[in-house]
Amino acid sequence: MSAADQETNDPTSTPLSTKNKVLETGALLAQNFAPVNAICAHLNAFHVYTSDPHRCVEANHYCSHISEDVRQCLIYDTPQPNARLIGVEYMISPKLYATLDTEERKLWHSHVFEVKSGMLIMPGPAGVPTAGWEVAETKEMEEVIGLYGKTYHFWQVDRGDKLPLGGPELMGSFTSKEQLPEGLLAERDARYGISSEQKKEKRGYIEEPEVQTDADQAWKN
């Protein structure tokens, strides 16, 4: 199954009405969507539940820059037009992370393993040569590797919830190969037609920053 065919949403729910389709089209033509139009990157990886790190979910991040030190990302379950908005992630520079108090720092996770392992990808648009796109992707990874993320998910699609039920869940990231469920990357890679191992090799030159000890609490409790 390709990324384009990835299932999303509840197929038993009521389809969008003609009236709402018309309103949606009219809004696209007439309204200002500046905050959404500022999105400049689509990143794909996996988040783990800090309450239960054995549970994880695929996360499609659509990110914009507030400043050089702060990014904000909408998290969807798939890259499809009818994807479910399942969470949000904020990413900050090490400089800002260092200003946080101890308890706040425990809510944030690192991206070092995601980048170095090839898990974190920036899916390429159709028609763009792979070699050229991978250069841009690798440059993006040079920036992301040092950032700290704070993520909350509101919709637990991995357990089959048809709606966003219950309270928000603090999410974290994988920090070592041993934590990965068997076949997780292989299945994702096959859908996107990429190789995490090849990306790992291409990113070998990227220097690993020191991860602050308060981060990644999902694996320290």
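Which residues, Glu-134 and Arg-203 among them, are linked in a network of salt bridges? In this predicted model, the network comprises Glu-134, Glu-137, Lys-199, Lys-202 and Arg-203. A search of the whole structure finds 16 salt bridges, and three of these pairings are described here in turn.

Within the network, the side chains of Lys-202 and Glu-134 form a salt bridge with an N to O distance of 3.6 Å. This pair links distant parts of the chain, since Lys-202 belongs to helix α8 (residues 196-202) and Glu-134 to helix α6 (residues 130-144), 68 residues apart. Lys-202 is partly exposed, at 43% relative accessibility, whereas Glu-134 is buried, with a relative accessible area of 15%.

Arg-203 forms a further salt bridge with Glu-137, in which the closest N and O atoms are 3.4 Å apart. Arg-203 lies in the segment after α8 and Glu-137 in helix α6, so this contact ties together parts that are 66 residues apart in sequence. Both partners are buried: the relative accessible area of Arg-203 is 0%, and Glu-137 has a relative accessibility of 2%.

Another salt bridge joins the side chains of Asp-158 and Arg-55, at 3.0 Å from N to O. Because Asp-158 is located in the loop between β5 (148-153) and β6 (169-172) and Arg-55 in strand β2 (residues 52-65), the pair ties together parts that are 103 residues apart in sequence. Asp-158 is partly exposed, with a relative accessible area of 34%; Arg-55 is also partly exposed, with a value of 22%.

How values were computed. Residues numbered from 1 in each chain as written. Predicted model: local features only at pLDDT ≥ 70, side-chain atom pairs only at ≥ 80, totals over all residues. Heavy atoms only, no water. Salt bridge = Lys/Arg side-chain N within 4 Å of Asp/Glu carboxyl O. Helix = DSSP H or I, 4+ residues; strand = E, 2+ residues; numbered from the N terminus. Buried < 20%, exposed > 50% of the residue type's maximum accessible area, 1.4 Å probe, protein only.
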